[in-house]
Amino acid sequence: MPLVPWWVLLSSGFAPVSLIAGWVAATSLQPPSFDPLSQTISSLAAHGATDRWLMTSVFVVVGLCYIVTACGLDAVRTAARASIFVGGSASVLVAFSPEPAGGGTTAQHILASGAAFIALALWPCLSVERGPRAPWVLRPATAIMFTVLVAVLAGWFLFELRSDGVAGLAERIVTGLQAVWPVIVVVCLRRASQYARQPRRAAERQTADG
């Protein structure tokens, strides 16, 4: 298993940090009537939102972080990396497909956000590795459990969105979870790769001493 570069750890870690910090900061700039429990993250970048440039920039930064992570994550299957890349690219497109002022949405926004969600939900299943040496984070049970969890949360979000409930809360939970998962994978793969190299290094030292 190739060692995951340090800059992949940086890009994967910066995605959830910038996403969460971004929506918190953007929410603080909105008028008192803004309700983060019911209003979505996209509404922070919609036309008419206060300082909409902030959340728009966050969408771009998060998407680029996903793209960088996909480019450097050689330790997972190509299909999984492609899925992360698609998710990152779609996240950037979300920034350029803002919702209209006064509520509602557009077909472009739905397509971009839907593509980002689906790609980031599926990539763990595409990275599955079988066998006793596979890191736990890439084993089928773990990957499938994560995708199922995300799907359930997405169903909750859609239900709340249609019933005018806490759609904002549901969306923040599911997108935050998707943003955190690449960090978990990268950290686990780096640790697994380092542990795998320890016996080889010990053998090389013994050979050198001999």
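**Largest pocket**

I began with the lining of the largest pocket in this predicted model, and I sorted its residues into 16 nonpolar, nine polar and two charged. The space in this pocket comes to about 740 Å³, and of the 27 residues that line the pocket, I noted S113, G114, F117, F157 and E171 as the closest to its centre.

I then looked up which helices supply the lining, and found that helix 2 (52–72), helix 3 (78–95), helix 4 (107–126), helix 5 (140–162) and helix 6 (167–209) each give at least two residues to the largest pocket. Helix 4 has the largest share of that lining, with eight residues.

**Second largest pocket**

I turned next to the second largest pocket, which holds about 350 Å³ of space and is lined by 20 residues, with F34, Q39, S43, A46 and G103 nearest its centre. I divided this lining in the same manner and entered seven nonpolar residues, twelve polar ones and one charged residue.

**Nonpolar surface patch**

On the surface I looked up a nonpolar patch of about 430 Å², which is made by W6, W7, L10 and V68. Helix 1 (residues 6–28) gives the most to the nonpolar patch, namely three residues.

I checked W7 separately and placed this residue in helix 1. Is W7 buried or exposed? I recorded W7 as partly exposed, because its relative accessible area is 35%, and partly exposed covers the range between under 20% for buried and over 50% for exposed.

Technical notes:
Residues are numbered from 1 along each chain as its sequence is written. This is a predicted model: local features need pLDDT of at least 70, side-chain atom pairs count only at pLDDT 80 or more; totals for chains, interfaces and linings use all residues. Side-chain values use heavy atoms; hydrogens and water are left out. On a 1 Å grid over the protein atoms alone, a cavity is a set of points where a 1.4 Å probe fits but cannot get out, and a pocket is an open set with protein on both sides within 12 Å along at least five of seven lines; lining residues have an atom within 4 Å of a point. Grid points are joined across faces, edges and corners, and a volume is the space filled by probe spheres set on the points. Helices (H or I, at least four residues) and strands (E, at least two) are DSSP runs, numbered from the N terminus. Ala, Val, Leu, Ile, Met, Phe, Trp, Tyr, Cys and Pro count as nonpolar, Asp, Glu, Lys and Arg as charged, and the others, Gly among them, as polar. Patches are made of residues with over 30% relative accessible area and no salt bridge: like charges are joined within 9 Å, nonpolar side chains (Val, Leu, Ile, Met, Phe, Trp, Tyr) within 5 Å. Accessible areas come from the Shrake-Rupley method with a 1.4 Å probe; for residues, only the protein chains shown count as cover. A salt bridge is a side-chain nitrogen of Lys or Arg within 4 Å of a carboxyl oxygen of Asp or Glu. Buried means under 20% relative accessible area, exposed over 50%, partly exposed in between (1.4 Å probe, protein chains only).
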